[in-house]
Amino acid sequence: MKLTIAVAAALVFVLSSCSFRAKDSVLGMSGENFTALNRNALDARIVESRRDPAMYFMFTENQRVHIKNLIYKKNTGALVLTVSNEDVRKKDQTCPFSVGFIYPEDFHDESSTSISSIDEKSLDRQKLLSGSIVTGDFAALNQPSVKVSLAFSPYEEIPRGFFVRGTKRTSVSKVSVEETVMGWSLEEEVPFFAFGPDGGEVKLPDESTDFSSIGKAFPERNLPGSIMPCISISIEEQEDVGDWKNQKRLGINVGGENVSVRLAKGQKEVVLQTCAFKSIPQELSFTENSDIVRSVIVRSNSRKLVADRKNHVLYPLKTDLGLVMSWPQKNWRTSDYELFEWQQFPGVLFFDFADYKIQNGFFTRLAYFAEKAGYKGTLVSDEIVRTKHGYNAHDYKADDLAAFFNLARETDFALSRYENLLLEILLANGVVLKAKDGSYTAGNGAVVSFSRESPDYLRRTFLAHESWHGIYFTDEEFRNVVFSCYSMFDPRSMKFIKTFWVTQPGLGYDTSDEYLMQNEFMAYIMQQSLPNVEPYFLQVAGRGSVNRNQKEDAEYIRNTKASAFHDAGSVLNDYVFDRWGLACGRVSMISRLD
């Protein structure tokens, strides 16, 4: 009888030890603990790995609401957690792990998924492991801890929870819900690996990064209400980047399209907009100097970049100007223009217009107001805007932009819809500021533009010419260097270029404006590469119209082989390379190779 009682007592103990009802875990987020569905999840640590080497966590209802709200506000969301293993340093021992979500269909009885009625026995483990999960091996990584991000699927309901499987002494910590990213980073002590809803394998970076599920995490095209993501690549800071003729580069293949990134002193990051390419990349690899790369992360762009209800684009895409030339027009956010911000020079806005007509609507009246001799400081009529030539490319500093719109306000001058849109863009980006009394003042930045109607060879020249103006407008130190070159420049050569600006049709610069003269002096020299400075000005001096207007000055330029222009260009070229990694004729760091 005593033996029977002892056996019964032992049986009760065994049964009770195998049974586990949901309890609060030590782990949590958003101010609440997760619900542990098994004993391992209680302490967020796998102690016994032989029977079921896993931890099962359930979200509380408040936590699920938090996740839902993040996805609603940001259109993205991912579970981020740190997984560790204390046995990783042991020789000849694998330490595999996996991370995944728990959905209602992962339970044997989908009707009984209330917290009070489930435990780990309710879970269909085979179904869990057949889903979209993240897998890895600490031993292969030779790391005791990794930070993992797994994106929520936009096509499924919010998960009921998540699980982590591993070996003995595997633990979980620092769980949060953050915006979706994809890629990897070795910048912190704990390496970071981020996946889309399809999951993937945690492994040390090799030749390529797989983004095959990028379309499930981010928009694949720019549409009303959606914007394509960008790729941020962090690199080791470079001190020796060579010289302007042989500059150190990072080679990148972006979904089959090759680009070469010139590197500047102290540079730490390269940012690529995915909409700069023919299609959103499914893969990214490095073809040159991959050893300097520390992270590759795809992340969402701000939702404010989406076109508004009027189909107006107010905020710019940050990019290197080298990608603008061949930016796929099908990826423009609005059909009339695309708006960029020069990545190296914040506040410098760059318009690429569909044609001259649209560009003229934005800037022709401004051109007469800011630069045209005989018209400066005035608002010309709509008739002049329709019939007279402005420029094929434009550049304006914040002061002139504010003054233009102030005069229109003070005189109750009716501006065009494009000019009013321009004002809206300038105000949105702080290039022009609006005071309490309604007046406008200069903010920070500048505006430059060109058009798709210009042939490519002119677009390349315009890109350089107008962009140098953008730097001149916004950087005082650069202006001081230009002033030094201008002040010491050969007087006869200066007379030649100023006469050219006055006499050539379509230019008509006001030579009494010293700021304008120094700015144009710099841009005409720096719009072509240094070896082409002399040939360019010799070509100008050889034009028939130039020789009719200034025969002796043109002959002087030919006799001196335009050496004064080359000497000034050499000084400016050395300065911009040392400071920014740029060079005469090149205002970009990124070149397309295809």
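Which strands make up the open sheet of five, and in what order do they lie? The order is E13-E18-E15-E16-E27, and the pairing is antiparallel. Keep in mind that this is a predicted model.

Let me stay with that sheet. At its edges stand E13, residues 208-210, and E27, residues 590-592. Each has a single partner strand, so one side of each is left without a neighbour in the sheet. From one strand to the next, the twist averages 20 degrees.

Now zoom in on the E27 edge. Its pairing with E16, residues 257-262, is antiparallel and runs over three bridges. One pair to find on screen: Val259 has Arg592 of E27 as its bridge partner.

Next, another set of strands. Start from E6, residues 134-137. On E6, four bridges come from E5, residues 96-102, and these two strands run antiparallel. Look at Phe97 here: its bridge partner in E6 is Gly136. E6 also pairs with E12, residues 200-201. That pairing is parallel, with two bridges. Thr135 is the residue to pick, and its bridge partner in E12 is Glu201. So much for the local view of E6. As a reminder, strands of a sheet pair through backbone hydrogen bonds, either parallel or antiparallel.

On to helices. How do H15 and H18 pack? H15 covers residues 533-541 and H18 covers residues 563-580. Their axes are 8 Å apart, at an angle of about 145 degrees. The crossing is right-handed. From H15, the contact uses Val533, Glu534 and Phe537. From H18, Ser563, Phe565 and His566 take part.

Now step back to the whole chain. The count is 18 helices and 27 strands. What is the radius of gyration of the protein? The value is 32 Å, whereas a compact globule of 594 residues would have one near 25 Å. The extents go with that. Along the principal axes, the C-alpha trace spans about 130 × 55 × 35 Å.

Burial next. Of the 594 residues, 53% count as buried. The accessible surface comes to about 26,900 Å². Carbon and sulfur atoms account for 49% of that surface.

Last, contacts along the sequence. Take the contacts between residues at least 6 apart in sequence: 72% of them join residues at least 24 apart. The E16 and E27 pairing gives an example to look at, with Val259 bridged to Arg592.

That is the tour. Questions, please.

Conventions. Residues numbered from 1 in each chain as written. Predicted model: local features only at pLDDT ≥ 70, side-chain atom pairs only at ≥ 80, totals over all residues. Heavy atoms only, no water. Pairing = 2+ DSSP bridges. Axes fitted to C-alpha atoms, helices over the stretch in contact; angles between N-to-C directions. Rg over C-alpha atoms; globule rule 2.2 N^0.38 Å. Buried < 20%, exposed > 50% of the residue type's maximum accessible area, 1.4 Å probe, protein only. Contact = heavy atoms within 4.5 Å. Areas by Shrake-Rupley, 256 points an atom, 1.4 Å probe, with all protein chains shown as cover. Left-handed = near helix turned anticlockwise from the far one by under 90°.
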